[in-house]
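Biologist: Before I trust any label in a structure description, I like to see the cut-off behind it. Shall we go through this one together?

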Amino acid sequence: MTIEQAQKSDGIGKDIVVYVCLLALAGLQFVIAYQHIDVSQMFARMLAVAIVEAGLAVMFFMHLWTEKRGFVVFVLVFTIFVLLAMQYGWPDSTRMVTGAPFSR
Amino acid sequence: MSQADLTMEGHSTGLTVGPAFSIPTKKLAMWLFIIADTMTFAACLLAYGFVRNGAPNWPRPFHSITNVALMTFILLTSSLTMLFGLRSARAGDKAGAFRWIMITAALGIAFALLHIREWLGLIDEGMTLFKNPWGTGLFGASFFSITGLHLTHVTCGVIALIAVGVRYKGGRYKPDDIEVLGLYWHFVDLVWMFVVPLVYLLNLSH
């Protein structure tokens, strides 16, 4: 086996391992869906699994891991900052059901 | 030559040496599109979470996970076949790359057909954009908009896969173009990982 063939074989092996991990994590989400727990707990667990899945897909399927470090930092910092900044609306969604929580 | 000239010259040379972040321009453009599209989906999912959290009678219409599990399996597998296509293209195997890309497109079509079948089933049960038999009418609007946006992405992806695959086979596109398309396809897969738990699994009727 040449070096190129060895690298190619190793790469395919890694892809398949990541694929199996993603399938397993997706299966875990379905298992969580049938647990008898509170909806907020279920949401938190499923979201945590989804974030791990997304991380694996971005790093290995989309090959972000092999890009220049500056680009990786740019993508991650920018995306995570904006996603977190979007979370400001949650308290207001609670107010719709329970009334203004901070007025009492 | 003055210090100012040296600085200007050095600056302009630095700007023209290569694209930003030392990655090809098409790839950078696709990453920027993906970041922007992430915001679009995140905004849709947040709006969905907002109304779900704020509605006391949120419906739970899904009785079975079989269809959504099959759709998830198909989409994840299509990401793997896309990777195989890229590897074949990088290795110079045009026929192999074309075959894997067409398999990916076929899996995308299967996903879209399953999705449409599910939509038709829900519509048959009386669900529309603004009303349904189970609870708040907001469910239909949020469900159809999120899954519809994703289905649009899958449909566009399938068209792009076929177009790029054919042109790559004809020698008009390079392996780099397959990689750029692959980024888009993996992103569509990635979004589904969030749509499934939030839109489907949290709304299972136990």
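Modeller: Sure, starting with the interface: 39 residues of chain A and 34 residues of chain B take part in the contact. It's a predicted model, where local features need pLDDT of at least 70 and side-chain atom pairs count only at pLDDT 80 or more, while totals for chains, interfaces and linings use all residues. Residues are numbered from 1 along each chain as its sequence is written, and chains are lettered from A and ligands numbered from 1 in the order in which they are written.

Biologist: What makes two residues count as being in contact?

Modeller: Their C-beta atoms, placed from the backbone, have to lie within 7 Å. On chain A's side, α1 (3–33), α2 (39–61), α3 and α4 (90–98) each supply at least two residues. That side splits into 27 nonpolar, seven polar and five charged residues. Nonpolar here means Ala, Val, Leu, Ile, Met, Phe, Trp, Tyr, Cys and Pro; charged means Asp, Glu, Lys and Arg; the others, Gly among them, are polar.

Biologist: How many helices and strands does each chain have?

Modeller: Chain A has four helices and zero strands, and chain B has six helices and zero strands. Both kinds are DSSP runs numbered from the N terminus: H or I over at least four residues for a helix, E over at least two for a strand.

Biologist: How do you know how far to trust chain A?

Modeller: Its average pLDDT, the predictor's confidence in each residue from 0 to 100, is 84, and 82% of the residues score at least 70. Confidence bottoms out in α4(A) at a mean of 71 and peaks in α2(A) at 94.

Biologist: Why are α2(B) and α6(B) called roughly parallel?

Modeller: Helix α2 (residues 25–54) and helix α6 (residues 175–200) of chain B pack at about 10°, axes 10 Å apart. Axes are lines fitted to C-alpha atoms, for helices over the stretch in contact, and angles run from 0 to 180 degrees between N-to-C directions. Under 35 degrees is roughly parallel, over 145 roughly antiparallel, 65 to 115 roughly perpendicular, and the rest oblique. So this pair lands in the roughly parallel class. The residues of their contact come out as 14 nonpolar, no polar and five charged.

Biologist: How do you know that the length of α2(B) agrees with its residue count?

Modeller: The expected span is 1.5 Å times one less than the number of residues. With 30 residues, α2(B) should therefore span 44 Å, and its end C-alpha atoms sit 43 Å apart, which agrees.

Biologist: Which residues of α2(B) are buried, and what do they pack against?

Modeller: B:M30, B:W31, B:I34, B:Y48 and B:R52 are buried. They pack against α3 (69–85) of chain A, plus α5 (138–169) and α6 of chain B. Buried takes 20 or more other C-beta atoms within 10 Å of a residue's own, exposed is 12 or fewer, and partly exposed is in between, with C-beta atoms placed from the backbone. Buried residues make up 34% of the 206 residues in chain B and 16% of the 104 residues in chain A.

Biologist: Why does A:H63 count as partly exposed?

Modeller: A:H63 has 16 C-beta neighbours inside 10 Å, so it counts as partly exposed. This residue is in the loop between α2 and α3 of chain A, and has a positive phi of about 60° despite not being a glycine.

Biologist: And what puts B:A106 in its exposure class?

Modeller: With 16 C-beta neighbours inside 10 Å, B:A106 is partly exposed. B:A106 lies in helix α4 (residues 94–124) of chain B. Its C-alpha is 7.9 Å from that of B:V158, 52 residues away in sequence.
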